[in-house]
Structures are given as structure tokens and as C-alpha cells.
Amino acid sequence: MNLITFLFRLPLFPVRSFVKLASVIKDEAEREMADPVTIRRELEHADRARASGEMSDEQAAEFQDAAFGEFTKARRSTAAASRHEG
């Protein structure tokens, strides 16, 4: 890379770094959502909230459905990404 090219690309370095950081954060969030420990913690929280009366049975069922949906979606996304990498 010569000096002129470097000078023109210099203002774009922070943008490229930001995009890379956003990609890393997204990947980590997907990995965490696909972790069975995370889903179990969320479901236990919903059970405690239901038992204490903070959440109705219907709300707890909706929460469980949403948590399982997110978990399934994250697992599919992680599995697809690993197939593409491998």
C-alpha cells in the first residue's frame, strides 16, 4: 500500500474497526443465546416470577415459548455458521 492509498483509506479505519467489533459482539450474543445454561436461567426466572405472583400462568407460558423460540433460532444460526466455516 503506497502512501497516497494509505492516506485515502485512513479515515475509513475506524469504520472498519467498528464493523468488525459489531460482528464480534453479534457472534458472541448468538453463542450466548444458544447456550442451554442461558435458557435454563431464563426459564427458572420465569418460574420464580410465576410462583411469586409477578407473572401469570399465561404470561409465563408466553415467556417460555419466546425463550424456546429464541434458543431454537440461535441454535440454527450457530449450526449454519459452523457448517459454513467448516
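This section describes the confidence of a predicted model, followed by one of its helices, an aromatic pair and two residues of a further helix.

Across the chain of this predicted model, the mean pLDDT is 84, and 92% of the residues reach 70 or more. Confidence is not uniform along the helices: the lowest mean, 80, belongs to helix H4 (residues 57-85), whereas helix H2 (residues 13-33) has the highest, at 89. Where pLDDT is low, predicted coordinates should not be read in detail.

Helix H3 comprises 17 residues, spanning residues 36-52, and the distance from its first C-alpha to its last is 24 Å, which is close to the 24 Å expected at 1.5 Å a residue. The buried residues of H3 are Thr38, Ile39, Leu43, Ala46 and Ala49. Viewed down the axis of H3, these buried residues fall within an arc of 130 degrees, so they line one face of the helix. Such a pattern can be read against the geometry of the α-helix, in which there are 3.6 residues a turn, so that residues three or four places apart point the same way. The other side of H3 carries the exposed residues Arg40, Arg41, Arg48 and Ala51. The residue that follows H3 is Gly53, and its phi is positive, near 90 degrees.

A pair of aromatic rings is described by the distance of the centres and the angle of the planes. With centres required to lie within 6.5 Å, the count comes to 1 aromatic pair. This pair is formed by Phe6 and Phe13, whose ring centres are 5.9 Å apart and whose planes stand at 50 degrees, so the pair is classed as tilted. Both members retain some accessibility: Phe6 is partly exposed, with a relative accessible area of 33%, and Phe13 is likewise partly exposed, with a relative accessible area of 27%.

Two residues of helix H4 were also examined, namely Glu58 and Ala66. Glu58 is exposed, having a relative accessible area of 59%, and since the cut-off for exposed residues is over 50%, the value for Ala66, a relative accessible area of 44%, places that residue among the partly exposed ones. In terms of C-alpha positions, Glu58 and Ala22 are separated by 36 residues in sequence and by 36 Å in space. For Ala66 and Ala51, the latter being one of the exposed residues of H3, the separation is 15 residues in sequence and 19 Å in space, again from C-alpha to C-alpha.

Conventions:
Residues numbered from 1 in each chain as written. Predicted model: local features only at pLDDT ≥ 70, side-chain atom pairs only at ≥ 80, totals over all residues. Heavy atoms only, no water. Helix = DSSP H or I, 4+ residues; strand = E, 2+ residues; numbered from the N terminus. Expected span 1.5 Å × (residues − 1). Buried < 20%, exposed > 50% of the residue type's maximum accessible area, 1.4 Å probe, protein only. Arc of directions from axis to C-beta. Phe/Tyr/Trp six-rings, centres within 6.5 Å; stacked < 30°, edge-to-face > 60°. pLDDT = per-residue confidence, 0-100.
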